[in-house]
Structure formats: C-alpha cells, structure tokens
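Thanks for making time this morning; I would like to walk through one structure slowly, starting with the spaces inside it and then moving to a sheet and two single residues.

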Amino acid sequence: MCFVLQVQLQEKQIHSLQAKTVTSVVSKLVSGAKSQSLLKIGSPDALIESPTSMNPDSRRHGDWKRIFTACLDGLLDFFTNRNPLREIPLLICLDEWRAKKLKTQRTLMSRLEEGERLEQKLIEQWHFCKKTHDYQGARQALSMLVNPKRGHGLTMTECQEKLVSTVDVEVGSPVLVLPHGVMKGNNWQCGVVEKLHPDHSVDVRPMDENEYSVRSRKNLTSSQHKIPSLRVMHEKTIRASDDEIKQASKHAQSLGAGAAVEPIMRVGWTRTDEGANRTVAECLRSSSFVSRVDGGGSTARTGTKWRIKLGTSMFLKKLNEVLKQKQQRLMSRPRLLALISTKEYSRLTAENCCCASCRDLGYISYRALREVVELALPSTPLQKKLLQRIDGEELFRSTEFSAHLSEESPIPGHCLCLLLTPFNDKRFKQECSHPRSDGAEPPTPVSMETQAFPSKAHSDAWSSECMYCHANKKQNLQCCVFCPSVAHKACIAKSGAEFSAESKPEWTCENCVCKHDSIHHDSRCLRCEEHAYLIQDIRSAVMYEKDLALSRGLPTEMYDWCIAMLDVTDQDLCNYHHHLIRNTNQKMVQPYCWEAIDESQYTDLFDYWARQKEKRFKTATCEGQANKGVSVHGHMWH
C-alpha cells in the first residue's frame, strides 16, 4: 500500500508487473546480465507451487531464495529510481509489514491449537457419555463437533474416523456382526469369534443362553463363516452411527450447538392420554379431513375405506390446531404417518372421487378458474396472489366449510334452516325461530292486506307490469304478498323461482324473500363470502387487462373468453357450494331416516325427489342434475 501511495506508475509499467509467470517477472525487474543467470535455473515457473522449494535442505530452496532476492532488489530500484534516500522509508515499511504478518501467523497458530484442544476434549466427553449411557449428553457434545450445513465443524466421515474407539478382536471375543446379505444400518447381531483367518476375515458363532441373557440386540441364528473385518467389531467398540450424527446436526441447527437435549417424556402406556386419542379418532372420521369411499369393486379389492382430503403436512397442521384448542398433547408426524399409511386410507383426487358433482363442479371448476388467471394475467405479481387465494378457497370448501354449517344460525350462509327451506312451497317451508346476533326482537313483515287494513286490498294496489317479462298482460298474474310486484305464472316457472303446486297458492317475490331472510340473519362470515370477493377481483383484473389491450390496439378475444368462462365457473361453483350444503345436511338426517322409516318408505321418498325439477333460486333445496334422489333435508320430518 505504501508503494502505491508514494509512486504513481504508468499504465505500461503496471501491466508489466501484473504478469503471472516467474520468467516474465524476472525479465521485467532484474537487470540484463543478472537476469540471464537467473533464467538458467531449471523450471523457474514451477518454484511457486513446488513443495521442495520450501525445504531448507533442498537445492530448489536456494534457487527460490535467489530469484526472490533479485526480484525484491529490482522492485526497490523500480520504485526508488535507484535513490538511496528513498529506500529507507520503504525498507521501514517492509519491516513493519513483516512484524505484523508474523504476529498474525502466531495468533492464527494459537487459535488452531486451542481449537484442536477443544475438539479433543469434546471427543473425550462424547466417549465418556457413551460409556455411561448418557445419550443426551453424547448428542449435546456431538452437536458441537458436527454441523456441516453451516460451513464449519466436522463432516460425517471425519466424525466417524475421529470418534471411533476400537477394541481388537480375538478368539472368544463377544462381537457385533452384520451377517451375509444384511444391509448396513442398525442391523448388528450378537455373536462370538471362533476363528481368525489370515485374510482378516472371521468365523462367528451365535451366543449361548448364558452369554446372550443380558444383551438387547438380536442373536445370530446360525454360524457365519469368513465374514469381512469391516462387518465385525468388538462389543466394546464405541463408534458414531450415521443416525447419531444426523440427529446431532439437526439438534445444532434447530436449538444451537451445545444446547441441552430435552428428554422424551412418556405418559402412560401409549405416550398420549385418552382424550387426545379420542380427538384424533374423531378427526380421522370427520368430513373436514376425510370422506368415505364408494362401494365399488375397485375399492373393495384394495381395502380402501377413507379418502384423505389434505396432504400430510396440512393434515398434521390442522390436527394439531384442534388438539391445541383442547389443550391436549400434539401429534407428531411419524405417529400420523403410522395411522394413515395403512391400506384403509388414500389421498382424495379428482380421478378417484366417487361424487360426480364434486368432480365436475368442484375440481374441474377450480381448475378452470386457475386457467383463466394464468391466461389473462401471465407472469404478474397479482397472478401469484390470486392463485394462492384460489388454492385456499378450494381447501376451505372441501374441508372446513361443513364445520361452519349448523341447524340454526344468525349468519345466513351457515343456517341450514334458511338454506334448505323453500319459502313459497308450504309443504317444506320452515320459519327460522333462532334469535338475532344483536339480541333485538325480529320485526314482523307487513303484508299488503295489513297495509290496506281495515279495508280489503284492491287489485289497483299492485303493479300491472310483470317483473320478469315487463308485459302488461293481466292473464295468470300472481301477486306478491308483501309488495306491489306481480308476475306471470309461466314467467315464474321459467325463471326457476320457487312456486307452490296448490290451486290458489300465495307467492312472494325474490326481493321480499331476501328482506324476510334478513330479519333473523343479521351477521356475516367473511370466510364464507371469500368466493364472491375472489370472483369479483378476478373479473376486475381481466377487465383491466382487456382495457389495456384495447388502448394498445391488441386483440381482446382471449379476454372475452376469460370473462365468459368466469361467469360459467362462478355458477358451477355456486352449485358446488349448494351440493356441499346438501351433503352436510344429509349426513345429519341419515341416522333419523334409518330409525324413523322402513325400506319401502325410503324408496318412495327417493322416487319423489327424483321427480322434482331443478330449482335455480335457493338451489340448495333440490339437487337437480344427476343426484336429485339424494336431496332430503331434515326439516321435512318436523
């Protein structure tokens, strides 16, 4: 650094000093006659990496010193311009640099020696813990030795070499053997050495009852001949297995090297209390986690009874959330895998789902929704967020949505009485009787007759225009009970709205039905309303991209297709949500059906629902499509 500050070199001189070979450096820094004698040294370029050049007793060491001294003199002449007054401060700087370098080397050597002493103490501590069967202390000591993923510590091979404490094998020594054909690992078996061969192979026999009585490992079943020495070790040999080193490395990365090892607490016979086992059993049969398979021949042959809706990691997370709420012992991943890895459980996918509605309206619709987002919003930050929201919405509908539903609730999206009861069909109409969430008294709806009291309501009080076709034809008009709206019976049937089959039925328009439903339902669930927000956000993003394409003069047919596909997908997903509502209610009413009616009555009920037409308004009251016969709601039994 001092050289650079004191002298400004020209560009040509700097390039000459940046040469990489010894020959070029000597030719630039040493004068002509002296350089010729130095260049006669054999292979001067190899002196930099030659190990013999560092040996004081070698001739190459003398050659290396001659070249270095000549180059240093030439460098001083170059920077001082052969001025003796300039050489003094440069030589002082060289002495200071040399003293600082030697001090750094001494500090480094002392640190290396201290590290070696600490490593040896940790090895001795590990051996002591292994001999005294203190396995927690052994892992704690080993975690300070091995941590290869953080860039320091010993590797697995180095640990196995330094930690091994071998004991020589002799005839009659108790040994641990890996028999022929057995893979390496924790498969060592007990035996006794019978014979040592010149090629270092060993003959081993099984232990007798007295010798094997205090051993925990498996005993050899038969004698083994000419076993290689690598597959035999003395019983008192201490070594670090691959599993021990991996566990110590994980311990160092999670809790820190040298952190205390928490002991395993075993509660009772099964490590978990009865309450936790009961909670896990309930979750393994809950519709939020699993679904029952169909009675087909393929599932009968494989023995599969349940389809798991979640992946293993998500299943474990949701299960531990339930256990944590009940303040019970959490489930570990190995124990969960032991429970669900049997043939009775398999992963639920679109290919093996037995319900046509779930497959066609659920899986395929969410897949179409992802295609719309990927096509209309390619490689944008908004695309990633929308795809994550779609995944979360699909997971919620297939798992937790059924847990939100209840017999009666002030939330309209949770109340089965509201979702499954038709308003205009008196045969199955059921009024909600539960209180509001704010505790206020629900107001009584005011009908047209009440408004005209004490006189009778006249036909002039209603509108003369159909609310559907807007025609003034007065034939077959149906008047709303609560407002002046009217509609033709044919228009009501064509719109898919509910209508009673009585001779003189009462009819309430859709607007009044919504107002009537809000009387008892004054609360909201934002999680259940996420679907509407998601569809609206996707539609807004597609419309923005379409306007942007129009401003740039680009074609917009792709965006028109995305908007049309979004409308179709929205309707299919609403039908899918109604299907989930019916399924939840059907599971609630099934036990009552089995107790209250016999087989013939259930067949008549099935046929009745199969003859019902699909209704588009409040579609949860009837399945429609391919599964009309299973649409039975619980309130029809009251």
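By class, the residues that line the largest cavity are 5 nonpolar, 5 polar and 4 charged, where Ala, Val, Leu, Ile, Met, Phe, Trp, Tyr, Cys and Pro count as nonpolar, Asp, Glu, Lys and Arg as charged, and the others, Gly among them, as polar. Please keep in mind that this is a predicted model, in which local features need pLDDT of at least 70 and side-chain atom pairs count only at pLDDT 80 or more, while totals for chains, interfaces and linings use all residues. Residues are numbered from 1 along each chain as its sequence is written, and side-chain values use heavy atoms, with hydrogens and water left out.

On a 1 Å grid over the protein atoms alone, a cavity is a set of points where a 1.4 Å probe fits but cannot get out, a pocket is an open set with protein on both sides within 12 Å along at least five of seven lines, and lining residues have an atom within 4 Å of a point. Grid points are joined across faces, edges and corners, and a volume is the space filled by probe spheres set on the points.

The whole structure holds 5 cavities of 30 Å³ or more, and the largest of them contains about 120 Å³ of space. Its lining consists of 14 residues, with L418, Q430, E431, H516 and D517 nearest the centre. Two elements, α18 (416–420) and α21 (510–520), give two or more residues to that lining, and α21 gives the most, with 3 residues; helices here are DSSP runs of H or I with at least four residues, strands are runs of E with at least two, and both are numbered from the N terminus.

Helix α21 also holds I519, which counts as buried because its relative accessibility is 12%, the cut-offs being under 20% relative accessible area for buried, over 50% for exposed and partly exposed in between, with a 1.4 Å probe and protein chains only. Not counting residues up to four places away in sequence, I519 touches R436, P442, P443 and P445, where contact means heavy atoms within 4.5 Å. The C-alpha atoms of I519 and E441 are separated by 9.2 Å, although the two residues are 78 apart along the chain.

Now to the pockets. The largest pocket has a volume of about 1800 Å³, and of the 46 residues lining it, R217, M233, T237, R239 and S241 are the closest to its centre. Helix α7 gives the most to this lining, with 5 residues.

The second largest pocket has a volume of about 1300 Å³; 47 residues line it, and S291, K309, C358, N583 and K587 are the closest to its centre. Here the largest share, 8 residues, comes from α23. Helix α23 (residues 557–596) also contains T569, and is T569 buried or exposed? T569 is buried, because its relative accessible area is 2%, and, leaving aside neighbours within four places in sequence, T569 is in contact with S365, A368 and L369.

Last comes the sheet, an open one in which 5 strands follow the order β4-β3-β2-β1-β5 with antiparallel pairing, two strands being paired if DSSP finds at least two bridges between them. At its edges are β4 (224–227) and β5 (232–234), each pairing on one side only. Strands β2 (residues 189–196) and β3 (residues 202–205) are joined by 4 bridges, and V193 stands opposite V204 in β3.
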